[in-house]
Amino acid sequence: QVRLVESGGGLVQPGGSLRLSCAASGIILTINTMGWYRQAPGKQRELVATMPTGGSTNYADSVMGRFTISRDNAKNAVYLQMNSLKPEDTAVYYCNAEGIYSHDRSIFRSWGQGTQVTVSP
């Protein structure tokens, strides 16, 4: 009922940059928080960055100072600018949104399908 579509992943050399995008669509009354998570092979999914509406951003220590999350509330979109990429940033990156459905005012938490980011020489 809420669909998240990601784009922008790919292969990049160490030290390079990528920008991920994610747009939400569906029966949305409001989105409270959007964010990015990642999952590397053999590891659990972990938080990368989140951005509540009107609140403070939250970053994983491992990406602080290198990644920047931003939102376009009018488009129900979230972005992740990733600079100074390292091989350990290689993972599938997932977009996440939490908010309120418009039809029954219940809470939703939705995930995108994931986009692969590979950092390699």
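Which residue stands opposite Thr115 in E11? In this model, which is a predicted one, that residue is Tyr93. I will start from that pair and work outwards.

E9 and E11 run antiparallel and are joined by three bridges. E11 has a second partner, strand E2, residues 10–12. Those two run parallel, again with three bridges. On that side, Gly10 is the residue opposite Val117 in E11.

Now the side chains of E11. They alternate along the strand. Thr115, Val117 and Val119 point to one face and are buried. Gln116 and Thr118 point to the other face and are not buried.

Next, the core. The largest nonpolar core has 31 residues. Tyr93 is among those with the most contacts inside it, together with Trp36, Val48, Phe67, Leu80 and Met82. Eight strands are worth listing here, as each supplies at least two residues of this core: E1 (2–7), E3 (18–26), E4 (28–39), E5 (46–52), E7 (67–72), E8 (77–82), E9 (91–101) and E11 (115–119). E9 gives the largest share, five residues.

Some of those strands form a sheet of their own. It is open, has four strands, and reads E1-E3-E8-E7 in order, with antiparallel pairing. E1 and E7 are the edge strands; each has a single partner, so one side of each has no neighbour in the sheet. From one strand to the next, the twist averages 15 degrees. Within this sheet, E7 and E8 pair over six bridges, in the antiparallel sense. Asp72 is the residue opposite Ala77 in E8.

Last, one residue outside the strands. Asp89 is placed in the loop between E8 and E9. Is Asp89 buried or exposed? Its relative accessibility is 1%, and the cut-off for buried is under 20%, so Asp89 counts as buried. What does the side chain of Asp89 make a polar contact with? The partner is the side chain of Arg66, at 2.8 Å.

Leaving out residues up to four places away in sequence, Asp89 touches Arg38, Arg66, Phe67, Ser84, Val117 and Val119. Two of these names have come up on E11: Val117 and Val119 are on its buried face. Phe67 has come up as well, as one of the residues with the most contacts inside the core.

That brings the loop residue back to the strand I started with: Asp89 touches Val117, and Val117 is the residue that Gly10 of the parallel pair stands opposite.

Methods. Residues numbered from 1 in each chain as written. Predicted model: local features only at pLDDT ≥ 70, side-chain atom pairs only at ≥ 80, totals over all residues. Heavy atoms only, no water. Core = buried A, V, L, I, M, F, W, Y, C linked by side-chain atoms within 4.5 Å. Buried < 20%, exposed > 50% of the residue type's maximum accessible area, 1.4 Å probe, protein only. Pairing = 2+ DSSP bridges. Axes fitted to C-alpha atoms, helices over the stretch in contact; angles between N-to-C directions. Polar contact = N/O pair within 3.5 Å; in protein donor to acceptor, adjacent residues only side chain to side chain. Contact = heavy atoms within 4.5 Å.
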